[in-house]
Amino acid sequence: MKNYFVGIDISKDTLDVCVMSENDEKEIFFKVENSVEGVEKMISTNVRKDSQLRYCFENTGNYGLLLAKILENHNLPYYQIPALEIKLSQGIQRGKNDKVDSWRIARYAKVHCHELTLHALPEKEILMIKNLLTYRNHLIKIRTQFKNEKQSFYQINKIADVSYQIDEITEHIKRLDKNIDLVEKRIQQEIDKQQQISTNYKKITKVKGVGMLTAAYMIVLTNNFTSFQNPRKFNCYAGLAPFEHSSGRVLKERPKPASLEIRGLKQYSLMVQIRQLFTMRS
(Lines give C-alpha, C1' and ligand atoms only; values in the text may rest on other atoms or scores of the structure.)
Protein backbone atom coordinates (compact mmCIF):
# COMPACT_ATOMS: atom_id res chain seq x y z
CA MET A 1 0.00 0.00 0.00
CA LYS A 2 1.40 3.38 -1.06
CA ASN A 3 1.45 6.35 1.28
CA TYR A 4 0.43 9.75 -0.03
CA PHE A 5 0.90 12.95 1.93
CA VAL A 6 -1.59 15.76 1.38
CA GLY A 7 -0.31 19.20 2.34
CA ILE A 8 -3.06 21.80 2.73
CA ASP A 9 -2.47 25.54 2.99
CA ILE A 10 -5.54 27.06 4.63
CA SER A 11 -6.86 30.54 4.03
CA LYS A 12 -10.20 32.13 4.85
CA ASP A 13 -11.86 31.27 1.51
CA THR A 14 -9.71 28.59 -0.16
CA LEU A 15 -7.59 25.50 0.43
CA ASP A 16 -4.42 24.99 -1.65
CA VAL A 17 -3.64 21.29 -1.85
CA CYS A 18 -0.47 19.38 -2.74
CA VAL A 19 -0.48 15.56 -3.00
CA MET A 20 2.97 14.02 -2.62
CA SER A 21 3.84 10.32 -2.76
CA GLU A 22 6.45 8.52 -0.69
CA ASN A 23 8.20 7.41 -3.93
CA ASP A 24 8.96 10.90 -5.25
CA GLU A 25 6.35 10.76 -7.97
CA LYS A 26 5.15 13.96 -9.60
CA GLU A 27 3.21 16.15 -7.17
CA ILE A 28 -0.41 17.07 -7.81
CA PHE A 29 -1.62 20.61 -7.08
CA PHE A 30 -5.16 21.97 -7.00
CA LYS A 31 -7.33 24.48 -5.13
CA VAL A 32 -10.80 24.13 -3.58
CA GLU A 33 -13.08 26.35 -1.54
CA ASN A 34 -12.84 26.34 2.24
CA SER A 35 -16.39 25.05 2.56
CA VAL A 36 -18.19 21.76 3.09
CA GLU A 37 -18.49 21.24 -0.67
CA GLY A 38 -14.84 22.15 -1.25
CA VAL A 39 -13.49 19.79 1.42
CA GLU A 40 -15.72 16.95 0.21
CA LYS A 41 -14.46 17.56 -3.33
CA MET A 42 -10.85 17.42 -2.12
CA ILE A 43 -11.45 14.11 -0.34
CA SER A 44 -13.16 12.54 -3.34
CA THR A 45 -10.45 13.79 -5.70
CA ASN A 46 -7.71 12.19 -3.62
CA VAL A 47 -9.29 8.74 -3.19
CA ARG A 48 -6.91 6.15 -4.66
CA LYS A 49 -7.15 2.39 -4.55
CA ASP A 50 -4.59 0.56 -2.41
CA SER A 51 -3.26 3.82 -0.95
CA GLN A 52 -3.08 5.51 2.44
CA LEU A 53 -3.63 9.27 2.49
CA ARG A 54 -2.26 11.35 5.36
CA TYR A 55 -3.46 14.93 5.54
CA CYS A 56 -1.36 17.67 7.08
CA PHE A 57 -2.06 21.35 7.63
CA GLU A 58 -1.00 24.20 9.86
CA ASN A 59 -2.79 25.15 13.04
CA THR A 60 -4.62 28.21 11.72
CA GLY A 61 -7.26 28.50 14.44
CA ASN A 62 -10.90 28.69 13.40
CA TYR A 63 -10.22 28.57 9.65
CA GLY A 64 -9.11 24.93 9.94
CA LEU A 65 -11.93 23.67 12.17
CA LEU A 66 -14.27 22.75 9.31
CA LEU A 67 -11.54 20.81 7.51
CA ALA A 68 -10.61 18.90 10.68
CA LYS A 69 -14.24 18.09 11.48
CA ILE A 70 -15.00 16.69 8.01
CA LEU A 71 -11.79 14.61 7.99
CA GLU A 72 -12.78 13.14 11.35
CA ASN A 73 -16.28 12.38 10.07
CA HIS A 74 -14.67 10.36 7.24
CA ASN A 75 -12.23 8.66 9.68
CA LEU A 76 -9.28 10.07 7.74
CA PRO A 77 -5.96 10.53 9.60
CA TYR A 78 -4.55 14.06 9.74
CA TYR A 79 -1.78 16.04 11.39
CA GLN A 80 -2.21 19.60 12.64
CA ILE A 81 1.20 21.25 13.06
CA PRO A 82 2.18 24.69 14.44
CA ALA A 83 3.15 26.98 11.58
CA LEU A 84 6.45 27.94 13.25
CA GLU A 85 7.51 24.30 13.50
CA ILE A 86 7.06 23.79 9.76
CA LYS A 87 8.80 27.08 8.95
CA LEU A 88 11.87 26.31 11.07
CA SER A 89 12.18 22.82 9.56
CA GLN A 90 12.50 24.15 5.99
CA GLY A 91 15.84 25.94 6.33
CA ILE A 92 16.59 29.00 4.20
CA GLN A 93 13.67 29.80 1.89
CA ARG A 94 13.10 32.12 -1.03
CA GLY A 95 9.68 33.22 -2.13
CA LYS A 96 6.29 32.35 -0.74
CA ASN A 97 2.82 31.70 -2.11
CA ASP A 98 -0.06 29.38 -1.28
CA LYS A 99 0.99 26.69 -3.77
CA VAL A 100 4.56 26.60 -2.45
CA ASP A 101 3.27 26.55 1.14
CA SER A 102 1.11 23.49 0.42
CA TRP A 103 4.16 21.73 -1.06
CA ARG A 104 6.25 22.57 2.02
CA ILE A 105 3.55 21.23 4.33
CA ALA A 106 3.27 17.98 2.34
CA ARG A 107 7.06 17.60 2.35
CA TYR A 108 7.15 18.17 6.11
CA ALA A 109 4.57 15.42 6.64
CA LYS A 110 6.52 13.07 4.38
CA VAL A 111 9.86 13.63 6.14
CA HIS A 112 8.55 13.62 9.71
CA CYS A 113 5.60 11.20 9.45
CA HIS A 114 7.22 8.70 11.84
CA GLU A 115 7.53 11.38 14.54
CA LEU A 116 4.11 13.00 14.18
CA THR A 117 1.05 12.25 16.30
CA LEU A 118 -2.39 12.16 14.74
CA HIS A 119 -4.54 15.09 15.77
CA ALA A 120 -8.11 15.04 17.08
CA LEU A 121 -10.46 17.91 17.77
CA PRO A 122 -11.15 18.67 21.43
CA GLU A 123 -14.59 18.17 22.91
CA LYS A 124 -17.32 20.64 22.02
CA GLU A 125 -17.37 22.08 25.56
CA ILE A 126 -13.62 22.81 25.45
CA LEU A 127 -14.01 24.55 22.09
CA MET A 128 -16.79 26.66 23.56
CA ILE A 129 -14.64 27.61 26.57
CA LYS A 130 -11.71 28.42 24.29
CA ASN A 131 -13.76 30.73 22.08
CA LEU A 132 -15.30 32.43 25.11
CA LEU A 133 -11.82 33.09 26.50
CA THR A 134 -10.77 34.50 23.13
CA TYR A 135 -13.84 36.76 23.07
CA ARG A 136 -13.13 37.91 26.63
CA ASN A 137 -9.57 38.85 25.63
CA HIS A 138 -11.00 40.85 22.73
CA LEU A 139 -13.32 42.75 25.09
CA ILE A 140 -10.44 43.38 27.51
CA LYS A 141 -8.33 44.90 24.72
CA ILE A 142 -11.17 47.18 23.62
CA ARG A 143 -11.78 48.27 27.22
CA THR A 144 -8.08 49.03 27.67
CA GLN A 145 -8.14 51.18 24.52
CA PHE A 146 -11.12 53.13 25.84
CA LYS A 147 -9.43 53.62 29.22
CA ASN A 148 -6.30 54.94 27.53
CA GLU A 149 -8.39 57.28 25.39
CA LYS A 150 -10.22 58.48 28.48
CA GLN A 151 -6.94 59.42 30.16
CA SER A 152 -5.91 61.24 27.00
CA PHE A 153 -9.17 63.23 26.91
CA TYR A 154 -8.70 64.19 30.57
CA GLN A 155 -5.50 65.95 29.52
CA ILE A 156 -7.24 67.65 26.59
CA ASN A 157 -10.08 68.72 28.89
CA LYS A 158 -7.65 71.02 30.71
CA ILE A 159 -7.57 73.34 27.69
CA ALA A 160 -10.76 72.44 25.78
CA ASP A 161 -14.21 71.12 26.73
CA VAL A 162 -14.35 67.41 25.77
CA SER A 163 -16.71 66.34 28.55
CA TYR A 164 -19.08 64.81 25.96
CA GLN A 165 -16.38 62.45 24.71
CA ILE A 166 -15.37 61.53 28.28
CA ASP A 167 -18.99 60.71 29.20
CA GLU A 168 -19.43 58.58 26.07
CA ILE A 169 -16.22 56.66 26.74
CA THR A 170 -17.25 56.13 30.37
CA GLU A 171 -20.54 54.58 29.23
CA HIS A 172 -18.69 52.31 26.78
CA ILE A 173 -16.40 51.13 29.58
CA LYS A 174 -19.38 50.37 31.83
CA ARG A 175 -21.05 48.33 29.08
CA LEU A 176 -17.81 46.45 28.44
CA ASP A 177 -17.48 45.69 32.17
CA LYS A 178 -20.96 44.15 32.11
CA ASN A 179 -20.20 42.16 28.94
CA ILE A 180 -16.96 40.82 30.43
CA ASP A 181 -18.83 39.72 33.57
CA LEU A 182 -21.45 37.96 31.43
CA VAL A 183 -18.76 36.16 29.41
CA GLU A 184 -17.06 34.98 32.59
CA LYS A 185 -20.38 33.64 33.90
CA ARG A 186 -20.90 31.85 30.56
CA ILE A 187 -17.43 30.29 30.87
CA GLN A 188 -18.38 28.99 34.32
CA GLN A 189 -21.63 27.58 32.92
CA GLU A 190 -19.79 25.74 30.14
CA ILE A 191 -17.36 24.29 32.68
CA ASP A 192 -20.22 23.05 34.85
CA LYS A 193 -21.99 21.38 31.90
CA GLN A 194 -19.49 18.56 31.43
CA GLN A 195 -18.90 16.37 34.44
CA GLN A 196 -15.27 15.47 33.72
CA ILE A 197 -14.31 19.08 33.01
CA SER A 198 -16.17 20.23 36.12
CA THR A 199 -14.42 17.61 38.27
CA ASN A 200 -10.96 18.65 37.04
CA TYR A 201 -11.89 22.31 37.46
CA LYS A 202 -12.80 21.78 41.11
CA LYS A 203 -9.50 19.98 41.69
CA ILE A 204 -7.54 22.74 39.95
CA THR A 205 -9.10 25.58 41.91
CA LYS A 206 -8.20 23.87 45.20
CA VAL A 207 -4.58 24.77 44.44
CA LYS A 208 -3.62 28.05 46.08
CA GLY A 209 -3.37 30.91 43.59
CA VAL A 210 -5.38 29.25 40.81
CA GLY A 211 -8.65 31.06 40.05
CA MET A 212 -11.41 30.56 37.50
CA LEU A 213 -9.60 32.09 34.51
CA THR A 214 -6.26 30.35 35.17
CA ALA A 215 -8.09 27.03 35.59
CA ALA A 216 -10.10 27.57 32.38
CA TYR A 217 -6.93 28.35 30.40
CA MET A 218 -5.19 25.25 31.75
CA ILE A 219 -8.16 23.04 30.83
CA VAL A 220 -8.21 24.46 27.30
CA LEU A 221 -4.43 24.34 26.73
CA THR A 222 -4.13 20.78 28.02
CA ASN A 223 -7.39 19.57 26.42
CA ASN A 224 -8.68 18.78 29.90
CA PHE A 225 -5.27 17.38 30.94
CA THR A 226 -5.05 14.81 28.12
CA SER A 227 -2.49 16.49 25.82
CA PHE A 228 0.41 16.21 28.26
CA GLN A 229 1.36 13.00 30.00
CA ASN A 230 3.43 14.57 32.77
CA PRO A 231 3.94 18.01 34.38
CA ARG A 232 7.44 18.44 32.93
CA LYS A 233 6.12 18.61 29.38
CA PHE A 234 3.49 21.14 30.38
CA ASN A 235 6.05 23.27 32.22
CA CYS A 236 8.17 23.27 29.06
CA TYR A 237 5.15 24.23 26.94
CA ALA A 238 4.22 27.04 29.33
CA GLY A 239 7.78 28.44 29.25
CA LEU A 240 8.47 27.67 32.90
CA ALA A 241 11.22 25.08 32.46
CA PRO A 242 14.76 26.59 32.57
CA PHE A 243 17.14 25.96 29.65
CA GLU A 244 20.87 26.62 29.43
CA HIS A 245 22.52 28.61 26.61
CA SER A 246 26.25 27.92 26.44
CA SER A 247 29.02 27.35 23.92
CA GLY A 248 32.32 25.77 24.94
CA ARG A 249 33.40 27.41 28.17
CA VAL A 250 31.23 30.44 27.63
CA LEU A 251 27.92 30.52 29.49
CA LYS A 252 25.94 32.90 27.31
CA GLU A 253 22.90 32.86 29.52
CA ARG A 254 22.14 31.34 32.88
CA PRO A 255 19.38 28.71 32.88
CA LYS A 256 16.06 30.48 33.15
CA PRO A 257 12.49 29.97 31.97
CA ALA A 258 11.26 31.50 28.72
CA SER A 259 8.45 33.42 30.40
CA LEU A 260 7.45 34.39 33.92
CA GLU A 261 4.33 36.39 33.02
CA ILE A 262 1.84 34.06 34.71
CA ARG A 263 -0.45 36.34 36.75
CA GLY A 264 2.14 37.27 39.36
CA LEU A 265 2.85 33.73 40.56
CA LYS A 266 6.48 32.88 41.22
CA GLN A 267 8.11 30.38 38.90
CA TYR A 268 8.94 27.72 41.46
CA SER A 269 5.54 28.02 43.16
CA LEU A 270 3.69 27.59 39.87
CA MET A 271 5.76 24.57 38.86
CA VAL A 272 4.91 22.92 42.20
CA GLN A 273 1.24 23.69 41.64
CA ILE A 274 1.29 22.16 38.16
CA ARG A 275 2.78 18.96 39.58
CA GLN A 276 -0.07 18.92 42.10
CA LEU A 277 -2.63 19.29 39.31
CA PHE A 278 -1.27 16.30 37.39
CA THR A 279 -1.14 14.29 40.63
CA MET A 280 -4.78 15.09 41.37
CA ARG A 281 -5.74 14.14 37.81
CA SER A 282 -4.77 10.53 38.47
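# Exercises on helix packing and burial

In this predicted model, Ile 197, Tyr 201 and Ile 204 of helix α7 are in contact with Met 212, Ala 215 and Ile 219 of helix α8. The exercises start from that contact.

## Exercise 1. The α7–α8 pair

Classify the residues of the contact of α7 with α8, then describe how α7 and α8 are oriented to each other.

Solution.

Step 1. By class, this contact has six nonpolar residues, no polar residues and no charged residues.

Step 2. The axes of α7 and α8 are 10 Å apart, and the packing angle is about 130°.

Step 3. Angles of 65 to 115 degrees count as roughly perpendicular and those over 145 as roughly antiparallel, with the remainder above 35 called oblique. The two helices α7 and α8 are therefore oblique to each other.

Step 4. The crossing of α7 and α8 is right-handed.

## Exercise 2. The α6–α7 pair

Determine how α6 and α7 are oriented to each other, and list the residues through which they meet.

Solution.

Step 1. Helix α6 covers residues 163–193 and helix α7 covers residues 195–204. Their axes lie 5 Å apart, at an angle of about 115°.

Step 2. The range counted as roughly perpendicular is 65 to 115 degrees. Helices α6 and α7 are therefore roughly perpendicular to each other.

Step 3. On the α6 side, the contact residues are Gln 188, Ile 191, Asp 192 and Lys 193. On the α7 side, they are Gln 195, Ile 197, Ser 198 and Tyr 201.

Step 4. The classes in this contact are three nonpolar, three polar and two charged.

## Exercise 3. The α6–α8 pair

Find the orientation of α6 relative to α8, the handedness of their crossing and the make-up of their contact.

Solution.

Step 1. Helix α8 spans residues 212–221, and its axis comes within 11 Å of that of α6, with a crossing angle of roughly 50°.

Step 2. This angle makes α6 oblique to α8.

Step 3. The crossing of α6 and α8 is left-handed.

Step 4. From α6, the contact takes Glu 184, Ile 187, Gln 188 and Ile 191; from α8, it takes Met 212, Leu 213 and Ala 216.

Step 5. Sorted by class, the contact of α6 with α8 has five nonpolar residues, one polar and one charged.

## Exercise 4. Two residues of α6

Decide whether Ile 187 is buried or exposed, do likewise for Glu 190, and identify the residues each one touches, leaving aside those up to four places away in sequence.

Solution.

Step 1. Ile 187 lies in α6, and so does Glu 190.

Step 2. A residue is called buried under 20% relative accessible area. Ile 187, at 0%, counts as buried. Glu 190, at 3%, is also buried.

Step 3. Ile 187 touches Ile 129, Leu 132 and Leu 133, together with Met 212 and Ala 216. Met 212 and Ala 216 belong to the α8 side of the contact in Exercise 3.

Step 4. The C-alpha atoms of Ile 187 and Leu 133 are 7.6 Å apart, although 54 residues separate the two in sequence.

Step 5. The partners of Glu 190 are Met 128, Ile 129 and Leu 132.

## Exercise 5. A strand residue

Place Gln 80 in the secondary structure, and state whether Gln 80 is buried or exposed.

Solution.

Step 1. Gln 80 is in strand β5, which covers residues 78–81.

Step 2. The relative accessibility of Gln 80 is 17%, so Gln 80 counts as buried.

Step 3. Beyond four places in sequence, Gln 80 touches Phe 57, Glu 58, Asn 59 and His 119.

Step 4. Gln 80 and Thr 60 are 20 residues apart along the chain, with 9.0 Å between their C-alpha atoms.

## Exercise 6. Positive phi in a loop

Give the phi values of Asn 223 and Asn 224, and say where in the chain these residues lie.

Solution.

Step 1. Phi of Asn 223 is near 55°, positive in a residue other than glycine. Asn 224, which is not a glycine either, has a positive phi of about 60°.

Step 2. Asn 223 is in the loop between α8 and α9, and Asn 224 lies in the loop between α8 and α9 as well.

Step 3. Asn 224 has a relative accessible area of 6% and is buried.

## Exercise 7. The whole chain

Summarise the secondary structure, burial and surface of the protein chain.

Solution.

Step 1. The chain has ten helices and seven strands.

Step 2. Of its 282 residues, 37% are buried.

Step 3. The accessible surface is about 17,900 Å², and carbon and sulfur atoms account for 51% of this surface.

Terms used
Residues numbered from 1 in each chain as written. Predicted model: local features only at pLDDT ≥ 70, side-chain atom pairs only at ≥ 80, totals over all residues. Heavy atoms only, no water. Helix = DSSP H or I, 4+ residues; strand = E, 2+ residues; numbered from the N terminus. Buried < 20%, exposed > 50% of the residue type's maximum accessible area, 1.4 Å probe, protein only. Areas by Shrake-Rupley, 256 points an atom, 1.4 Å probe, with all protein chains shown as cover. Axes fitted to C-alpha atoms, helices over the stretch in contact; angles between N-to-C directions. Contact = heavy atoms within 4.5 Å. Nonpolar A, V, L, I, M, F, W, Y, C, P; charged D, E, K, R; others polar. Left-handed = near helix turned anticlockwise from the far one by under 90°.
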